[in-house]
Amino acid sequence: MNIFCGSLPFDLQESELKEFFEEYGEVSTARIITDKFSGRSKGFGFVEMPNDDQAKKAIEELNGAEVDGRTIVVNQAEEKKERTGGGYRGGNQRSGGGQRSGGGGYNRGGNSGGGGFNRGGNSGGGNSGGGRGFRS
């Protein structure tokens with residue numbers, strides 16, 4: 001069974017994560033996900049346990065446990081869903097998410113606003129109004 005582990009301390013090592021789960025049975029792999037540029041932990045990871053009963057026991061016992069002052073989240077990992085169109089990197093569409101319409105995102109000007117990291121514009125998050133806009 002593949003197990004998701006979230007809210008992990010950023011300095012937790014994969015060997016330590018594996019040790020937590022080995023108390024409940026055999027662990028095939030323990031991976032902490034890192035940023036591909038900085039190499040720093042993203043604060044979550046995955047543990048693979050071949051025995052489902054042992055994995056369920058580990059999830060039950062470790063979900064909500066405190067590790068180095070942080071309450072961790074442990075549950076059965078969901079299958080990775082395939083991405084389709086839209087969104088930040090969504091194909092050649094110019095509407096439906098993406099970077100080109102107003103309302104959030106990383107707009108660099110124009111007259112439409114919204115939150116996010118706008119640079120300029122006449123309304124919303126740019127230089128006037130808005131909350132946490134990135135101002136140049």
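Let us start at a turn: in the hairpin of β2 and β3, 6 residues lie between the strands, and one of them, Gly39, takes a positive phi near 80°. Keep in mind as you look that this is a predicted model.

From that turn, follow the two strands themselves. Strand β2 covers residues 29-34, and 5 bridges join β2 to β3, with the two running antiparallel. To see one position across this pairing, find Thr29, which stands opposite Glu48 in β3.

Strand β3 also has a second partner. β1 and β3 pair in the antiparallel sense, over 4 bridges. Which residue of β3 is the bridge partner of Phe4? That partner is Phe46.

Now step back to the chain as a whole. Its secondary structure comes to 2 helices and 6 strands. Along the sequence, these elements follow the pattern β-α-β-β-α-β-β-β. If you trace the chain with a finger, you can tick off each element in that order.

Next, let us turn to the aromatic rings. A pair of aromatic rings is described by how far apart the centres are and by the angle of the planes. How many aromatic pairs does a search of the whole structure find? The search finds 3. One of them is formed by Phe4 and Phe44, whose rings are tilted, with 6.0 Å centre to centre and 35° between the planes. This pair links distant parts of the chain: Phe4 belongs to strand β1 (residues 2-6) and Phe44 to strand β3 (residues 41-48), 40 residues apart.

Are these two rings' residues buried, exposed or something in between? Buried would require a relative accessible area under 20% and exposed one over 50%. Phe4 has 24% relative accessibility, so Phe4 counts as partly exposed. Phe44 has a relative accessible area of 26%, so Phe44 is partly exposed as well.

Phe44 also forms an aromatic pair with Phe46, and this pair is edge-to-face, at 6.2 Å centre to centre and 85° between the planes. Put together, ring pairs link Phe4, Phe44 and Phe46 into a cluster. You have already met Phe46 as the bridge partner of Phe4.

Finally, here are some values for the whole chain. Of its 136 residues, 27% count as buried. The accessible surface comes to about 9400 Å², and 43% of that belongs to carbon and sulfur atoms. Among contacts between residues at least 6 apart in sequence, 40% join residues at least 24 apart.

Key. Residues are numbered from 1 along each chain as its sequence is written. This is a predicted model: local features need pLDDT of at least 70, side-chain atom pairs count only at pLDDT 80 or more; totals for chains, interfaces and linings use all residues. Side-chain values use heavy atoms; hydrogens and water are left out. Buried means under 20% relative accessible area, exposed over 50%, partly exposed in between (1.4 Å probe, protein chains only). Contact means heavy atoms within 4.5 Å. Accessible areas come from the Shrake-Rupley method with a 1.4 Å probe; for residues, only the protein chains shown count as cover. Rings of Phe, Tyr and Trp (its six-membered ring) pair if their centres lie within 6.5 Å; planes under 30 degrees apart count as stacked, over 60 as edge-to-face and the rest as tilted. Two strands pair if DSSP finds at least two bridges between them.
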